[in-house]
Amino acid sequence: MSDSFTAKIWVLGDDIDTDIILPTEYLAMKTVQDMKPYAFSPLRPELAEKIKPGDMIVAGKNFGCGSSREQAPEVVKALGVSCVVAKSYARIFFRNAINNGLLLIENQDLYDEVKEGDVATVTPGKSIEVNGKTYEIASLPDNLMDILNAGGLVQAMRKKNGLD
Amino acid sequence: MGQTLIEKIISKNVGHPVKAGDIVTVNVDYCMIDDIMVPFAVQKFEEMGFDKVWDPDKVVLIYDHFLPATQVDDSRHFRVGDEFARKYDIKNVHRTDGICHQLMTEAGYVKPGHIAFGTDSHTVTYGCVGAFSTGIGYTEMAGILGTGQLWVKVPETIKIEIDGTLPGNVTSKDIILKIIGDLTASGATYQSIEFTGSTVEAMSVASRMTMSNMAVEAGAKCGLFVPDDKTCDYCKIDYSDEVKELVPDNDASYSRIIRLRAEDMVPVMACPSLVDNIHPVSELAGIKVDQVFLGSCTNGRLEDLRTAATILKGKKVAPFVKLIVTPASRKIYREALADGTLEILSDAGAIITTPGCGLCCGRGGGILSDDEVVVATNNRNFLGRMGTSKVQIYLASPATAAATAVAGVITEA
């Protein structure tokens, strides 16, 4: 995860709530794979199909606000999204995302300066380069990176316990 | 730059200075799992492959939401909890003692400066003693059970300074409802709230608990009070130098400072079906009610029952109203029994139930149906919270609840 990667940008707005990320009616589906087609459907029904593994989401403030449903970050992860860059995150979503192995990056400027379809080079913990401009990003502590690199908290703990 | 109270608590825990925005790993002083979440936390703990709990004496299991059981599958949660406790030598299991958020301080677990996590959003309650406590998911709880640690982002702080003397019919419940109305239900998201000023200094710890309890309804991560001599009496500890260090510095940095005058406050209610839909009781007077609920981790303490008893003494609950009283713990129940409070409430016609969460979370005795109106002292009036989605829930103080029970219509105390 500490290596650089390139990613195509999808742009969403402010206050993208967990009901937009995955509406309540799909929460009880058996697997996250079943839920994938419905991600972001209230806002952009076509998006789930268009997002390709490795793409990234750029959004405004308060991304993931609303309920505590852990399915929200799980479904974004299942779509293959490499990272989300937003101005800020709602508290429970932030935790649930890291614990499900989804990389979240906070940046105040990127959202205002990029457009959908731009391609960024992301170096976790260091920078994002897009359209010739470099945006510094804060690094996450090693223990959070360990959770992300393992693919989530359950897997990180299994690794810690010598099981996988 | 000085530190806020939350920065001080977390700095002390991790052993180096922290500031808002830092992400650090804290050592957990106590963790609490309530009966609803026990089976899920246990399953995740097993999936993670742990073979022991990091420190069984720091784990507290509390059965309260499903007690006494009302659905056929509820008791499975107790069995899973009991089996887990046996297997991992967890001795702190409260099977019938009361509501988790009451017990975590009352039973002597959480103390000033501690860091605690629980599988319920109202874990924020322990901010009343100057502890940092907040709700988490069951996957994270499973991680704590194995490691004793959790990462946290040090929150920014909103300082709320309340000075002056409250009018006689205004309680800490009215204050926190007003604050939630002003901030909105998301106005403190991710932040810590520090409650200060002469009004809160004059309050009992029980009154402070009500405010910490509802900080989460404004989205806050915690709602803190500076521990003082009253806190130490309640926690049965010395008011030591270590406790006295748990104060914010004068030059601490706040995201926002709100100043309120106690004299300006009036009794208020949260109207259906949003916690931030706040109106003065006087504007709502006359609305007919079917039920009144006095209890919960928000307002089921001895002073709350006594306030209601003062209003109900020698009177009768309106004949068409069911007044349900649920003390927050067995200790409170017994104190209210010993001092005659329960007798007054019973004489007035109250239904007095065993301590627990039942009615507040829509599981226990007193569930309502379409178009019924309830005035309740608990913390959430979301659609469907206490019965069907067409139940009208008004949140109020114990004084407003008691006055309303007698009149049968919404009434200012």
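This passage walks through chain B of a predicted model, from its domains to its helices and its contact with chain A.

A good place to start is the overall layout. Chain B falls into three parts: domain 1 covers residues 24–150, domain 2 covers 157–264, and domain 3 covers 268–407. Between the centres of domain 1 and domain 2 of chain B, taken over C-alpha atoms, lie 25 Å. These two domains of chain B touch through 17 residues of domain 1 and 22 residues of domain 2. On the domain 1 side, helix 4 (100–106) and strand 6 (132–135) of chain B each contribute at least two residues. Strand 6 of chain B provides the largest share of that side, with 3 residues. By character, the domain 1 side of this contact comprises 11 polar residues, 5 nonpolar ones and 1 charged one.

Attention can now turn to the contact between the chains. Here 17 residues of chain B meet 18 residues of chain A. On the chain B side, at least two residues each come from strand 1 (23–27), helix 2 (38–47) and helix 5 (138–147). Helix 5 of chain B gives the most, with 4 residues. The chain B side of the contact with chain A is made up of 8 polar, 5 nonpolar and 4 charged residues.

Helix 2 and helix 5 of chain B also pack against each other. Two packed helices are described by the angle between their axes and the distance between the axes. For helix 2 and helix 5 of chain B, the axes come within 8 Å and cross at roughly 60°, which makes helix 2 oblique to helix 5. The crossing of these two helices of chain B is right-handed. Helix 2 of chain B takes part through B:Phe40, B:Ala41, B:Lys44 and B:Phe45, while helix 5 of chain B offers B:Tyr138, B:Thr139, B:Met141, B:Ala142, B:Leu145 and B:Gly146. Of the residues in this contact between helix 2 and helix 5 of chain B, 7 are nonpolar, 2 polar and 1 charged.

Two further helices are notable for burial. In helix 8 of chain B (residues 205–214), 10 of the 10 residues are buried, so this helix is largely enclosed by the rest of the structure. Among them are B:Arg208, B:Met209 and B:Asn213. Helix 16 of chain B (residues 398–407) is mostly covered, with 9 of its 10 residues buried. Its buried residues include B:Pro398, B:Thr400 and B:Val406. Just after helix 16 of chain B comes B:Gly408, which adopts a positive phi of about 80°.

How values were computed:
Residues numbered from 1 in each chain as written. Chains lettered and ligands numbered in written order. Predicted model: local features only at pLDDT ≥ 70, side-chain atom pairs only at ≥ 80, totals over all residues. Domains from an automatic or database assignment. Contact = placed C-beta atoms within 7 Å. Nonpolar A, V, L, I, M, F, W, Y, C, P; charged D, E, K, R; others polar. Buried ≥ 20, exposed ≤ 12 C-beta atoms within 10 Å, placed from the backbone. Axes fitted to C-alpha atoms, helices over the stretch in contact; angles between N-to-C directions. Parallel < 35°, antiparallel > 145°, perpendicular 65-115°, else oblique. Left-handed = near helix turned anticlockwise from the far one by under 90°.
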